[in-house]
Amino acid sequence: MSTTLKYLGIDCFTTEKYTGNPAAVFQLPAKSPLMKETAFLQRLAIELCLPASAFVMPLEDSTDINPHYDIRFFSTRREIPLCGHATMASSHALFSTAHKSATIITFETSLGHGSLLAVRESAESKRITLDFPSDEGILDKVEKTEEKYLKALELFEQATALSQEKVVDVAYSSRGCLIEITRDVDLKELNVQAKILGPLSPFVVLSQLSPLGSNYDVYSRVFTAAVGQDEDPVCGSAHCFIGPRWLGTAARSTLEKSHFTAQPDQNELKARQVSERGGDLDISWDPVGHRVRLTGEAVTMSSGEVYA
């Protein structure tokens, strides 16, 4: 007997359709046995062929005003431990349908990242803030003589055809490698051979101060060839270390020249991921609680049914 499953297609970290990062969201009923069918969920993600598909299921204590959900994320190749844009998509879907009066949703992840929160100021607000664990390993100093620093320089040069002099610094976290580049590089138009960067890390971020006169503090692009996708259109989880990197190191002194970070004690960042689709995130970092908050919007792009 076939099962009909409904889903929403949502563009995340954007206010415009056909931009941001797309994801599918399946809302499963409480106690659905399908939530544990990993192979089945993976097949659905492969069939839809989006960067991520999220599956959410209400827990026993979930209510209309205090929703509490299990959440799982899948790419077309594997289950993902943490996915920022699919969490944004799930929050937008639930706030738009089953929980129109709620202002906070709690998600429980299954692969070691604990609870995630999605918050909006009011039932009318379109902006959603995600509360995620921060990745502060990115703050550890990598000496310029270390092998992994030199390897990053070498592969950057090969992947971009730019001189190593365009690299300001290299940093690593448990999730990825961040290569800070000079402001004068046109990062949006830069031709990057993503597969060359793959050996560095599952996530390789090129990040820079945004051009003078921009409405943003930093620009970034995220390359994920090591996990099967050359470039991530807008990567929420990568910003869990992009935020602390810019707000927690010497790089902060350059941010103080930015229009949006004129206050020395300000702990917020306006970020633009300058991929082909592009997306916007406001980032705040709580170094004491070890949390990053990512704020953005999403738009519903499509709806459909799968006859499983």
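A residue is called buried if its relative accessible area is under 20%, exposed if over 50%, and partly exposed in between, with a 1.4 Å probe and protein chains only. The model is predicted: local features need pLDDT of at least 70, side-chain atom pairs count only at pLDDT 80 or more, and totals for chains, interfaces and linings use all residues. Residues are numbered from 1 along each chain as its sequence is written, and side-chain values use heavy atoms, with hydrogens and water left out.

**Exercise 1. Overall form**

Task: State what share of the 308 residues is buried, and describe the secondary structure and extent of the protein chain.

Solution.
Step 1. Buried residues account for 55% of the 308 residues in the protein chain.
Step 2. The chain has 6 helices and 17 strands; these are DSSP runs numbered from the N terminus, helices being H or I with at least four residues and strands E with at least two.
Step 3. The radius of gyration, taken over C-alpha atoms and judged by a globule rule of 2.2 Å times the number of residues to the power 0.38, is 19 Å; the rule gives 19 Å for 308 residues, so the chain is as compact as a globular protein of that length.
Step 4. The C-alpha trace spans about 60 × 40 × 30 Å along its principal axes.
Step 5. Contact means heavy atoms within 4.5 Å. Among contacts between residues at least 6 apart in sequence, 62% join residues at least 24 apart.

**Exercise 2. Aromatic pairs**

Task: Determine how many aromatic pairs the structure holds, and classify the pair F55 and F74 by its geometry.

Solution.
Step 1. Rings of Phe, Tyr and Trp (its six-membered ring) pair if their centres lie within 6.5 Å; planes under 30 degrees apart are stacked, over 60 edge-to-face, and the rest tilted.
Step 2. The structure contains 4 aromatic pairs. In one of them, F55 and F74 lie 5.8 Å apart centre to centre with 80 degrees between the planes, an edge-to-face arrangement.
Step 3. F55 belongs to strand 3 (residues 52-58) and F74 to strand 4 (residues 68-74), so the pair ties together parts that are 19 residues apart in sequence.
Step 4. F55 is buried at 1% relative accessibility, and F74 is buried at 1% as well.
Step 5. For Y216 and Y219, the ring centres are 6.3 Å apart and the planes stand at 55 degrees, so this pair is tilted. Both Y216 and Y219 are buried.
Step 6. F55 and F74 also join Y7 and F26 in one aromatic cluster.

**Exercise 3. Positive phi**

Task: For F13 and A161, give the value of phi and decide whether each residue is buried or exposed.

Solution.
Step 1. Most residues other than glycine have a negative phi.
Step 2. F13 is not a glycine, yet its phi is positive, about 60 degrees. F13 sits in the loop between strand 1 (4-12) and strand 2 (21-27), and it is buried, with a relative accessible area of 1%.
Step 3. A161, likewise a residue other than glycine, has a positive phi near 65 degrees. A161 lies in the loop between helix 3 (147-160) and strand 9 (167-172), and its relative accessibility of 72% makes it exposed.

**Exercise 4. The surroundings of H85**

Task: Locate H85, and find which residues it contacts beyond its neighbours within four places in sequence.

Solution.
Step 1. H85 is part of helix 2 (residues 84-96).
Step 2. Its relative accessibility is 4%, so H85 is buried.
Step 3. Beyond the neighbours within four places, the contacts of H85 include C12, F13, N21, P22 and A23. Others in the list are P51, A52, V234 and G236.

**Exercise 5. Cover and separation**

Task: State how many residues of helix 5 are buried, then describe the positions of K148 and E37.

Solution.
Step 1. Helix 5 (residues 239-247) is mostly covered, with 9 of its 9 residues buried; among them are H239, F241, R245 and W246.
Step 2. K148 lies in helix 3 and is partly exposed at 38%. Outside its neighbours within four places in sequence, K148 contacts V142 and Y172.
Step 3. The C-alpha atoms of K148 and G278 are 29 Å apart, with these positions 130 residues apart along the chain.
Step 4. E37 occupies the loop between strand 2 and helix 1 (38-48) and is partly exposed at 42%. Its C-alpha atom is separated by 29 Å from that of E231, 194 residues away along the chain.
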